[in-house]
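Reader: I should like to go through this structure with you, one topic at a time. May I begin with the charged side chains?
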Amino acid sequence: MTQTRAASRRIAVLGTLLAALLAALLTPGRAEAASLKEVTGFGTNPGALRMFRYVPEGLPAGRPVVVALHGCTQNASGYGTGSGWIQLADRWGFSVVLPQQQSANNGSLCFNWFQSGDIARGQGEAASVAQMVDRQLADVSGDASRVYVTGLSAGGGMTAVMMAAYPERFVAGGIVAGLPYGCAQAAGSPYVCMYVGATQTPRQWGDRVRAARPGYAGPWPALVAFQGTADHTVKPVNMTDLTRQWTDVHGADQTADVSDSVAGYPRQVFEDASGRAVVETYSLTGMGHGQPVDPGSGSEQCGVAGAYLLDVNLCAAHRMGRAWGLG
């Protein structure tokens, strides 16, 4: 008798579970969890890049779009997860475009921030990324007035390219261990740019940006930049030059209006004549080459530590997102 009652209970529990599963499957509008998906046919794609995107489940129309460009040896999926941008997309409600380089373009999978044919408006990789933005805005009914671009290392260099060549498309950019626009041309070599820097005045740096979009009078994207002080791949002078370049573009001076610290790291903010923050910099003391992350589930945490994804108790993506009003 006892065995019969036990068997009956097991059957009842199994029946309840099957009923719940069936009800879930038949619930109208139910879909699989969001995942990274590749998009093809997004334009003429003159730079021969691949387009991936992440759209949180149930994302309403009119939400922001963030373009996130990986570093050398990385790919769209690894960078999207590792940097924290996919995590933040779910947390704050925006979509992410993740361009991916191909080995046929660059054997190290670096975006070609140093090639003249890939950094000019309407050409090469820059045009491919711009076409991805257009496709994303159309497909998800995104807010064209809230599009942002960011990237690490070579992706940071390409971020500066997009800010310069397509300034009307982006409200702001976030550059991590990256380089100013036109640096390879100013220095005569990408390696001189990376390891030594280029000798340019703020006005000369700014002129390079202005020449990328002739006749454009603004508004220009604001900049948030992150740089490790122990970075031997892209030397810290590059963040100094980025600051010179974009403060000049915005008509701001070279003196920080705010100097404080965040998570123990020096931060500076440069404002334009109206008092708007146009350049914000973070100097990550002792950090090498990589993206600052702070793994965890806390409100200011994001990212996953790995190669060129460095756990320094500060998540760069979160700081950018907050500066941009995403969360």
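Reader: Is Arg203 buried or exposed?
Author: Arg203 counts as exposed, at 52% relative accessibility. Please bear in mind that this is a predicted model.

Reader: Which side chain does Arg203 meet in a salt bridge?
Author: The partner is Asp248, with a distance of 3.5 Å from N to O. The two belong to distant parts of the chain, 45 residues apart, with Asp248 in helix 10 and Arg203 in helix 9 (residues 202-212).

Reader: And Asp248, is that buried or exposed?
Author: Asp248 has a relative accessible area of 15%. It is classed as buried because that value falls under 20%. Its partner Arg203, by contrast, is exposed because 52% is over 50%.

Reader: Let us stay with helix 10. How many of its residues are buried?
Author: The helix is mostly covered, with 10 of its 13 residues buried. Among them are Asn238, Met239, Leu242 and Trp246, as well as Asp248.

Reader: What span does helix 10 reach from its first C-alpha to its last?
Author: Helix 10 covers residues 237-249 and reaches 18 Å, close to the 18 Å expected at 1.5 Å a residue.

Reader: What phi does Gly251 take, just after helix 10?
Author: Gly251 takes a positive phi of about 75°.

Reader: Back to charges, then. How many salt bridges does the count come to?
Author: The count comes to 15. One of these pairs is Arg50 with Glu38, whose closest N and O atoms are 2.7 Å apart.

Reader: Why does the pair of Arg50 and Glu38 tie together parts that are apart in sequence?
Author: Arg50 lies in strand 2 (residues 50-54) and Glu38 in strand 1 (residues 37-39), so the salt bridge joins parts that are 12 residues apart in sequence. Arg50 is partly exposed, with a relative accessible area of 30%, and Glu38 is also partly exposed, at 38%.

Reader: Which side chain meets Glu280 in a salt bridge?
Author: That is Arg267, at 2.9 Å from N to O. Glu280 lies in strand 10 (residues 277-284) and Arg267 in strand 9 (residues 265-271), so this pair ties together parts 13 residues apart in sequence. Both Glu280 and Arg267 are buried.

Reader: Which residues are linked in a network of salt bridges?
Author: The network links Arg121, Asp134, Glu168, Arg169 and Arg213.

Reader: A change of topic: how many aromatic pairs does the structure hold?
Author: It holds seven. One of them is Trp85 with Phe94, an edge-to-face pair at 6.1 Å centre to centre, with 75° between the planes. This pair counts as edge-to-face because its angle is over 60 degrees.

Reader: Are Trp85 and Phe94 buried or exposed?
Author: Both Trp85 and Phe94 are buried. Another edge-to-face pair is formed by Tyr216 and Trp220, at 5.0 Å centre to centre and 90° between the planes.

Reader: What relative accessible area has Tyr216, and what of Trp220?
Author: Tyr216 has 18% and is buried. Trp220 likewise counts as buried, at 10%.

Reader: Finally, which residues form one aromatic cluster?
Author: The cluster is formed by Trp85, Phe94, Tyr148 and Trp324. It therefore includes the buried pair we discussed, Trp85 and Phe94.

How values were computed: Residues numbered from 1 in each chain as written. Predicted model: local features only at pLDDT ≥ 70, side-chain atom pairs only at ≥ 80, totals over all residues. Heavy atoms only, no water. Helix = DSSP H or I, 4+ residues; strand = E, 2+ residues; numbered from the N terminus. Expected span 1.5 Å × (residues − 1). Buried < 20%, exposed > 50% of the residue type's maximum accessible area, 1.4 Å probe, protein only. Salt bridge = Lys/Arg side-chain N within 4 Å of Asp/Glu carboxyl O. Phe/Tyr/Trp six-rings, centres within 6.5 Å; stacked < 30°, edge-to-face > 60°.
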